[in-house]
Amino acid sequence: MSLPYPVPNATVPYWRTELHKLDSHRSTMWLPQKQDIVIIGAGFAGTALAHYLLKDNPSKPSITILEAREACSGATGRNGGQLRPDLFVGCAARMQEHGLETANEVARFEVANAQAIVSLVEEEKIACDLRAVTTADMFVDADEAAKVKRLWDAMSKLDCPSLKDVTYHGPDEAGRVTGIRGAKVAFSYPSYTLWPYKLVMHLLAGVVEQGGVNLQTHTPVHTVSEAADSEGYWVLSTARGTMRAKRVIFATNAYLSSLLPEYDDAVYANRSTVCRIVPPAFLPEVPLRSAGLALKSPDTMDSYYGLRPDSSFIVGGAKSAFWYQNREEWYRNFDDSTQIKGTVSYFKDWAARTFEGWEETPGQLDRVWTGIMGYTADDAPHIGHVPSKPGLYVCAGFNGHGMPNVLLCAKGLAEMVKNGSAFSETGLPASYETSAERLQKSSASTDVSNTGRVRVDVYLKY
């Protein structure tokens, strides 16, 4: 199996149709020879790390960001454009796997992330189409709906603070509230939609143009030395030469194991797909501006959508078209230059299949793209010191759920790097800390992570 590296000629997502002037920027003609810190990856994680490393830091370190392709051309620039804390179904999944305390801790953290992004957008006046919306998880299969209702009843009796923001809609009102044909039950809660590329590029412009960070796009890193040299520098070999850094932060998500092979079983690539659909103006208005749709058990979340200010839909998932039919199409697949078989036809009539009153008008399929997500063996990101390699740090493995996680993960890791803070002092969920023990457990595990997070028949065993 080849190592996971970003491929050339990636499909073009809607978010990258209005490119920022720093998209293919190189701050200097040549790579700096020595730096205090090198960040590998110019996506949300890498950019947020640079932002917090410089924020309120009187002794500005020298920082270079190395990016294999264009800035924000990976998972963040290819996602569904949603900032959606997982308040019910995801919480239930973690409760089953890791216990109630961990489930509550992660739910609170995701809500705090969403609030932090809203505050950051307001403070920085970032033009990224951030909109508060109501989202919902909905179920269209009667058996699945009955199971998830029992799950809701059981969790309502437990100490689950996140449920206070979730509203249950039964069979009599689910269809009316959601506009989804055949909806049996739905669970609605607050969420946001946004233009993720514009958020990241605003932050990147701040650290490059005002903060003095050296950005080097189209500079893939091939190797990082196994140990620091006699002066305490780690040596990075890139397509444009070598450079040395006292500290190296891997914000590479799905591509982590190409540079840190010890993470091969812990963080791995999963390919997914998203599209943009433009509906005719005369169709009925959709009640919800965001939603996730689950099909028959044991299927995972089949599709999700977010409604744009221009009334177009960003739709992702299409899992029933490929997930079980061809594992090679997605599992450890890092080719975002091609489409996933069967997904274009799935999206063409998605709107007509999904919404009440849209039966005869599917809408225009504007574009379809693929993206590579970093999934983990235990469904938690890896944040912190790389085991046994002092000076190396990791911020990766967001399981297709980075928007309500990345910002505060980057803030916490930045505190570790610049202030020497312990992980326990960062406010990050304990389950997110990377460690030798987690890597060993990942190597011993043969199960593929349940990336859908909606198998309620499994959760009810709790």
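In this predicted model, helices α1 and α9 pack with their axes 8 Å apart and at an angle of about 45°. Because that angle lies outside the ranges that count as roughly parallel, antiparallel or perpendicular, the two helices are oblique to each other, and α1 passes α9 in a right-handed crossing. On the α1 side the contact is made by F44, A45, A48, L49, Y52 and L53, while α9 contributes V406, L407, A410, K411, L413, A414, V417 and K418.

Helix α9 itself covers residues 406-419, and at 1.5 Å a residue its 14 residues should span 20 Å, which agrees with the 20 Å between its end C-alpha atoms. How much of α9 is buried? Since 10 of its 14 residues are buried, α9 is largely enclosed by the rest of the structure; the buried residues are V406, L407, L408, C409, A410, G412, L413, A414, M416 and V417. The cover over them includes the helices α1 (44-54) and α3 (100-124), together with the strands β1 (34-40), β10 (241-250), β16 (382-385) and β17 (392-396). After α9 comes G420, with a positive phi near 70°.

Helix α3, which is part of that cover, has 25 residues that should span 36 Å at 1.5 Å a residue, and the separation of its end C-alpha atoms, 36 Å, agrees with this. The residue following α3 is K125, whose phi is also positive, near 55°.

The largest nonpolar core holds 64 residues, of which I39, F44, L199, I249, I383 and L413 touch the most other members. At least two residues of this core come from each of β1, α1, β2 (63-66), α3, α6 (196-210), β17 and α9. Two of the residues named for the core, F44 and L413, also take part in the contact between α1 and α9. I39, leaving aside residues up to four places away in sequence, touches G46, L49, A50, L53, I63, T64, I65, L66, I249 and A251. A second core, separate from this one, has 29 residues, among them M138, V286, V315 and V368.

Most residues other than glycine have a negative phi. The table sets out two aspartates with positive values, and their surroundings.

| Residue | Phi | Loop | Relative accessible area |
|---|---|---|---|
| D129 | near 60° | between α3 and β4 (131-139) | 30% |
| D379 | near 65° | between β15 (364-376) and β16 | 30% |

What does the accessible area say about D129? With a relative accessible area of 30%, D129 falls between the 20% limit for buried and the 50% limit for exposed, and is therefore partly exposed. D379 is likewise partly exposed, with a relative accessible area of 30%.

A further loop residue is P287, which lies between β11 (267-278) and β12 (290-294). P287 is partly exposed, its relative accessible area being 44%. Which residues does P287 touch, not counting those up to four places away in sequence? Its contacts under that condition are R176, V177, T178 and G179. From W30, by contrast, P287 is separated by 257 residues in sequence and by 53 Å in space, C-alpha to C-alpha.

Technical notes: Residues are numbered from 1 along each chain as its sequence is written. This is a predicted model: local features need pLDDT of at least 70, side-chain atom pairs count only at pLDDT 80 or more; totals for chains, interfaces and linings use all residues. Side-chain values use heavy atoms; hydrogens and water are left out. Helices (H or I, at least four residues) and strands (E, at least two) are DSSP runs, numbered from the N terminus. The expected span of a helix is 1.5 Å times one less than its number of residues. Buried means under 20% relative accessible area, exposed over 50%, partly exposed in between (1.4 Å probe, protein chains only). Contact means heavy atoms within 4.5 Å. A nonpolar core is a set of buried Ala, Val, Leu, Ile, Met, Phe, Trp, Tyr and Cys residues joined through side-chain atoms within 4.5 Å. Axes are lines fitted to C-alpha atoms, for helices over the stretch in contact, and angles run from 0 to 180 degrees between N-to-C directions. Angles under 35 degrees count as roughly parallel, over 145 as roughly antiparallel, 65 to 115 as roughly perpendicular and the rest as oblique. A crossing is left-handed if the near helix is turned anticlockwise from the far one by less than a right angle, and right-handed if clockwise.
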